Amino acid sequence: MSETTVFDCTLIEMDRHHSDDRGNITVVENGKTVPFNVRRAYYLYDVPGGGSRGSHAHKELQQLIVAASGSFDVTLDDGNVKRTFTLNRPYQGLLVVPGIWRDLNNFSAGAVCLVLASEKYDEQDYIRDYNEFLKWKIKV
Ligand code: TYD
């Protein structure tokens, strides 16, 4: 999956079900909201205000990244082009295809980053060195 580009990654606008003054609910369903089956969910929280996460790529993993609360920026990089998305709405999800380097920056205090992932955790699927990532992209 090293031939992907940042233009394969998109912001998905999910449905919001309004419940008058009781708040909203957004549902993510396999085969409907995301183009993969969700096998794992995890969330980042207690990230210090202004903090950063990420700085790696995945070889096969697909993800939907949601700012469940607060905001942060996600910079995607295919080795050629970079695109930065500000996530700050719980009903928007950033679809990140495999083979994309990502940096998460500018976390607001108290932000919650919810990640829905297509595979179980596998450290072998990570590329954590940027030069190694560039070599892996070019090799195709
Ligand atoms: P990592 O994916 O590097 O986090 P981030 O992209 O937010 O900086 O994971 C951080 C640590 O958590 C790493 O040591 C591996 C561990 N981890 C798991 O054990 N299981 C998981 O599903 C995830 C996502 C991480």
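Strands, as named here, are DSSP runs of E at least two residues long, numbered from the N terminus. In this predicted model, strand β7 spans residues 72-77, and Asp77 is found in it.

Asp77 merits attention as a charged residue without a partner. The residue is buried, yet it has no salt bridge. The nearest side chain of opposite charge belongs to Lys82, 4.3 Å away. A salt bridge requires a side-chain nitrogen of Lys or Arg within 4 Å of a carboxyl oxygen of Asp or Glu, so a separation of 4.3 Å between Asp77 and Lys82 does not qualify. The side chain of Asp77 does have a polar neighbour in the backbone: one of its polar atoms lies 2.7 Å from the backbone nitrogen of Gly79. Leaving aside neighbours within four places in sequence, the contacts of Asp77 are Val6, Lys82, Ile100, Trp101, Tyr130 and Phe133.

Where charged side chains do pair, the count comes to 3 salt bridges. One of them joins Lys32 to Glu29, with an N to O distance of 3.7 Å. Lys32 counts as exposed because its relative accessibility is 64%, whereas Glu29, at 41%, counts as partly exposed.

Another salt bridge is formed by Glu119 and Arg39, whose closest N and O atoms are 3.5 Å apart. This pair links distant parts of the chain, 80 residues apart: Glu119 sits in the loop between β11 (112-117) and β12 (126-127), and Arg39 in the loop between β3 (24-25) and β4. Glu119 has a relative accessible area of 35% and is therefore partly exposed.

Arg128 and Glu123 also form a salt bridge, with closest N and O atoms 2.8 Å apart. Arg128 is partly exposed, with a relative accessible area of 45%, and Glu123 is likewise partly exposed, at 33% relative accessibility.

Arg128 leads on to the ligand, since this residue belongs to the surrounding shell together with Arg40, Tyr42, Leu44, Arg53, Gly54, His56, Tyr121 and Tyr126. Strands β4 (40-44) and β5 (53-58) each supply at least two residues of that shell. Several side chains place an N or O atom beside a ligand oxygen. For Tyr126 the distance is 2.6 Å, for Arg128 it is 2.9 Å, and for Arg53 it is 3.1 Å. On its own the ligand has 530 Å² of accessible area, of which the protein covers 62%. Arg128 thus appears in two settings, as a salt-bridge partner of Glu123 and as a residue around the ligand.

Notes: Residues numbered from 1 in each chain as written. Predicted model: local features only at pLDDT ≥ 70, side-chain atom pairs only at ≥ 80, totals over all residues. Heavy atoms only, no water. Helix = DSSP H or I, 4+ residues; strand = E, 2+ residues; numbered from the N terminus. Buried < 20%, exposed > 50% of the residue type's maximum accessible area, 1.4 Å probe, protein only. Lys, Arg positive; Asp, Glu negative; His and termini not counted. Polar contact = N/O pair within 3.5 Å; in protein donor to acceptor, adjacent residues only side chain to side chain. Contact = heavy atoms within 4.5 Å. Near = heavy atom within 4 Å. Areas by Shrake-Rupley, 256 points an atom, 1.4 Å probe, with all protein chains shown as cover.
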